[in-house]
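Hi,

Here is the structure I said I would pass on. Have a look at it first, and then read my notes underneath.

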Amino acid sequence: MDIKIFFTIFSTIFLAEIGDKTQLATVLFASDKGIGKPVVFLAASMALMAATAIGVLGGSIISHYVDTKYLHYLAGLGFIVIGVFTIYKA
């Protein structure tokens, strides 16, 4: 395993997830006194793992048909479009 790639992926995903709606929903579930914190942790962790598995599987399949350079361009364009839309709506 390439440790540099591991930490690049880890830090990118970690920073992207901090403060997003998924984390806020987890905070709300954890704040409910009737719900055990281990249950919230386990359920949220499994949901994130399932969503990540779908992303990895989808990326793996798509990469067989589309050059990864174009996927990077598409992802970058997608982030720019979302950013412009967010600024426009603000």
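Below is what turned up, going from the overall fold to the aromatic residues and then to the last helix.

One caveat up front: this is a predicted model, so please read everything here in that light.

**Overall fold**

The secondary structure comes to four helices and zero strands, and the elements run α-α-α-α from the N terminus on. If you were hoping for a compact globule, the numbers say otherwise: one of 90 residues would have a radius of gyration near 12 Å, but this protein has 17 Å. Along the principal axes, the C-alpha atoms fill a box of roughly 50 × 40 × 25 Å.

Burial tells you something too. Buried residues make up 3% of the 90 in the protein. The exposed area is about 8000 Å², with carbon and sulfur atoms supplying 77% of it.

**The N-terminal end**

Part of that surface is a nonpolar patch of about 920 Å², made by Met1, Ile3, Phe6, Phe7, Phe10, Phe14, Leu15 and Ile18. Met1 sits in the segment before helix H1, which covers residues 3-17. With a relative accessible area of 85%, Met1 is exposed, since anything over 50% falls in that class.

The Phe residues of the patch deserve a closer look. Which residues form the aromatic cluster? Phe6, Phe7, Phe10 and Phe14 do, as one cluster. The structure holds four aromatic pairs. One of them is Phe6 with Phe10: the ring centres are 6.4 Å apart and the planes are at 15°, so this pair is stacked. Mind the cut-off if you use your own criteria, because ring centres have to lie within 6.5 Å to count as a pair here. Phe6 and Phe10 are four residues apart in helix H1, so about one helical turn separates them.

Phe10 has a second partner in Phe14: that pair is stacked as well, at 5.8 Å centre to centre and 10° between the planes. Again the two residues are four apart in helix H1, about one turn of the helix.

Are these rings buried, exposed or partly exposed? Phe6 has 37% relative accessibility and counts as partly exposed. Phe10 is at 45% and falls in the partly exposed class, and Phe14, with a relative accessible area of 45%, is partly exposed too.

**The last helix and the loop before it**

Helix H4 takes in residues 68-89. At 1.5 Å a residue, its 22 residues should span 32 Å, and the end C-alpha atoms are 31 Å apart, which agrees. H4 is hardly covered: the count of buried residues in it is zero.

Just ahead of it, Asp67 lies in the loop between helix H3 (37-63) and H4. Asp67 is partly exposed, with a relative accessible area of 42%. For a sense of distance, Asp67 and Gln23 are 44 residues apart in sequence and 33 Å apart in space, taken C-alpha to C-alpha.

**In short**

You have a four-helix model with a radius of gyration of 17 Å, a nonpolar patch of about 920 Å², and an H4 with zero buried residues.

Cheers

Notes:
Residues numbered from 1 in each chain as written. Predicted model: local features only at pLDDT ≥ 70, side-chain atom pairs only at ≥ 80, totals over all residues. Heavy atoms only, no water. Patch = residues over 30% accessible without salt bridge, like charges linked within 9 Å, V, L, I, M, F, W, Y side chains within 5 Å. Areas by Shrake-Rupley, 256 points an atom, 1.4 Å probe, with all protein chains shown as cover. Salt bridge = Lys/Arg side-chain N within 4 Å of Asp/Glu carboxyl O. Buried < 20%, exposed > 50% of the residue type's maximum accessible area, 1.4 Å probe, protein only. Phe/Tyr/Trp six-rings, centres within 6.5 Å; stacked < 30°, edge-to-face > 60°. Expected span 1.5 Å × (residues − 1). Rg over C-alpha atoms; globule rule 2.2 N^0.38 Å.
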